[in-house]
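Please work through the exercises below with the sequence and the coordinates at hand, trying each task before reading its solution.

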Amino acid sequence: MTAITRDRWRSNFSEWFDWVIEEAEVYDYGRYPVKGMGVWMPYGFQIRRRVLELIRELHDRRGHEEVLFPLLIPETLLRKESEHIRGFEDEVYWVTHGGLEPLDVKLALRPTSETNITYYESLWIKSYKQLPKKYYQIVSVFRYETKATRAMIRLREVTTFKEAHTIHDSFEDSERQVLEAIEIYRELFDNLGIPYVISRRPEWDKFAGALYTIAFDTVMPDGRVLQIGTAHNLGQNFTRAFDFKIQLQDGSLDYPWQTSYGVSDRVIATIIAVHGDDRGLVLPPHIAPIQVVVIPIPVGSEEEKRLVLEEARSISRVLEERGFRVRVDEREELRPGAKYYYWEARGVPVRVDVGLEEVKTGVLTVVRRDTLDRYKVAGEELPSFIAKLFNDITVNIKRRAWDYLLSSIRRVTSMDEAREWAGEKRGILEMPWCSREECARRVEEELEVKTLGVVWPFEEARGLACPICGRPAVTWVRYAKTY
Ligand code: ZN
């Protein structure tokens, strides 16, 4: 009996991740002559495409409009909002020459698009009657990362940056929009079976130019935390910087309010990371490029081999007609065992084995990727059986991922317990907090962790004391080792 193992996945996650994206031909990383840039290979591109379809659907359904702004942002625009440029200055790539000519104004490769989008909004929008407006684009952004880069997780070219930018006639409406952004991301991650916690980032770690930042984080198999999505209320900071006013309902002029929110390649990295096992990818069926692989098991005479192959092709045709994405692996140079290994690494949700026995009895062997459980299924029941199996797989991998995340959260009320946790340094630590920066900084320093921020939605820490200063705690704050 085969069984899944997750030893390598857990104890040597970084190595496992690099292995799996290469073995499954998802993303070719590390060979491009520019550090921090990689190539989406055909199989990976198919996964990415389905995730993008989902992202588009979630935004379109809630009235967002897709746009495409220029990649190059002149320095004069990028410098308009002073906090913003201060936050990004040391990681911007600059274009300084056109051919041999030095440029009068340096051009930034967009690190994000608040500035050029606000510039255009100031030309397009004059009145509250046009609001709210919700734009988004899915583009490459560039960051000159000085930390160690990592495939799909810390890149210098982020190739799949979905940035949404919205504009409103009141603060209240911008607050409602932040909630909608959170709802969109909840639905996105829930759909992909990705578990998360939501935190309000501390003041010192919010988006440069924002009033505040709400972030989604997840726990990687090695216990370190990865930020997978953020939503920012930008207030009037950018519209003020651009001196951009609109007419309000009462006839007065005022600066409109904005939000922005983004997700990136990390969504796909997280699907790979949280669902995988030692054999490779485990893909949710709805985003798997190939959902069912049919493996003919050739034994016996040439005639018998021909019968097996014909049966495999006929099963594939039936499944395709029912809307499944199917592949028959007819390669003669590979033995069945090698084919199992190959498709398991690629995370194909269901495998159907067809041998002479199956041809004779009409009963097929079906294997699911997430548990490697085997089933005997009568041929005519195969489509409905697989449809049900897809549902079981989706539910199982989501539950398994959530179990892991929830078991990675430790809530403590004293520094002694926190130190004990820090010895293991796995997952997320939650502690009561007085909300003063100096206390969080002390915890960061002593435990060598980062402050993720306070639990969102806000949760009172009634009757508890801040373990650092002893003052009454206001709420719960999260810490973790992060990527
Ligand atoms: Zn304190």
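The exercises that follow concern a predicted model, and each task is followed by a stepwise solution.

**Exercise 1. The open sheet**

Determine in which order the strands of the open sheet lie, and which strands stand at its edges.

Solution. Begin with the order, which for the 11 strands of this open sheet reads β3-β7-β8-β14-β11-β10-β9-β22-β23-β21-β20, with mixed pairing. Then look at the two ends of that order: β3 (65–66) and β20 (409–411) each have a single partner strand, so one side of each is left without a neighbour in the sheet. As a last step, take one pairing in detail, that of β21 (residues 428–433) with β23 (residues 475–480), which is antiparallel and extends over 6 bridges; within this pairing, Ile428 has Ala480 of β23 as its bridge partner.

**Exercise 2. Two helices on the sheet**

Find which strands are touched by helix α14 and which strands helix α15 lies across, and then classify the packing of α14 and α15 by its angle.

Solution. Helix α14 (residues 415–424) packs on the sheet through β20, β21 and β23, and its direction makes about 165° with that of β21. Helix α15 (residues 437–447), for its part, lies across β21, β22 (450–455) and β23, and runs at about 150° to β21. Turning to the two helices themselves, their axes are 10 Å apart and the packing angle is about 40°, which makes α14 oblique to α15. The crossing in which α14 passes α15 is right-handed. At the level of residues, Met415, Ala418, Arg419 and Ala422 of α14 meet Val443, Glu446 and Leu447 of α15, a contact that divides into 5 nonpolar, no polar and 2 charged residues.

**Exercise 3. Two further helix pairs**

Classify the packing of α10 with α13 and of α3 with α7, and state the chemical classes of the residues in each contact.

Solution. For helix α10 (residues 302–321) and helix α13 (residues 382–407), the angle is about 60° and the axes are 10 Å apart; the two helices are therefore oblique to each other, and their crossing is right-handed. Ile315, Val318 and Leu319 of α10 make this contact with Leu382, Pro383 and Ile386 of α13, and by class it consists of 6 nonpolar, no polar and no charged residues.

For helix α3 (residues 42–61) and helix α7 (residues 171–191), the axes come within 10 Å and cross at roughly 150°, which makes α3 roughly antiparallel to α7, since angles over 145 degrees count as such. The crossing of α3 and α7 is right-handed. Leu54, Ile55, Leu58, His59 and Arg61 of α3 form the contact with Ile184, Tyr185, Glu187, Leu188 and Asn191 of α7, giving 6 nonpolar, 2 polar and 2 charged residues.

**Exercise 4. A hairpin and an aromatic pair**

Identify the residue with a positive phi in the hairpin of β18 and β19, and explain why the pair of Phe88 and Phe207 is edge-to-face.

Solution. Strand β18 (residues 363–368) and strand β19 (residues 374–378) run antiparallel and are joined by 5 bridges, with Val377 of β19 as the bridge partner of Leu364. Between the strands there are 5 residues, and Leu372 takes a positive phi near 65° in this hairpin.

For the rings, start from the count of 25 aromatic pairs. In the pair of Phe88 and Phe207, the ring centres are 5.8 Å apart and the planes stand at 65°, so the pair is edge-to-face. Finally, place both residues in the chain: Phe88 belongs to helix α5 (residues 82–88) and Phe207 to the loop between β9 (197–200) and β10 (212–219), so that the pair links distant parts of the chain, 119 residues apart.

Key
Residues are numbered from 1 along each chain as its sequence is written. This is a predicted model: local features need pLDDT of at least 70, side-chain atom pairs count only at pLDDT 80 or more; totals for chains, interfaces and linings use all residues. Side-chain values use heavy atoms; hydrogens and water are left out. Two strands pair if DSSP finds at least two bridges between them. Helices (H or I, at least four residues) and strands (E, at least two) are DSSP runs, numbered from the N terminus. Contact means heavy atoms within 4.5 Å. Axes are lines fitted to C-alpha atoms, for helices over the stretch in contact, and angles run from 0 to 180 degrees between N-to-C directions. Angles under 35 degrees count as roughly parallel, over 145 as roughly antiparallel, 65 to 115 as roughly perpendicular and the rest as oblique. A crossing is left-handed if the near helix is turned anticlockwise from the far one by less than a right angle, and right-handed if clockwise. Ala, Val, Leu, Ile, Met, Phe, Trp, Tyr, Cys and Pro count as nonpolar, Asp, Glu, Lys and Arg as charged, and the others, Gly among them, as polar. Rings of Phe, Tyr and Trp (its six-membered ring) pair if their centres lie within 6.5 Å; planes under 30 degrees apart count as stacked, over 60 as edge-to-face and the rest as tilted.
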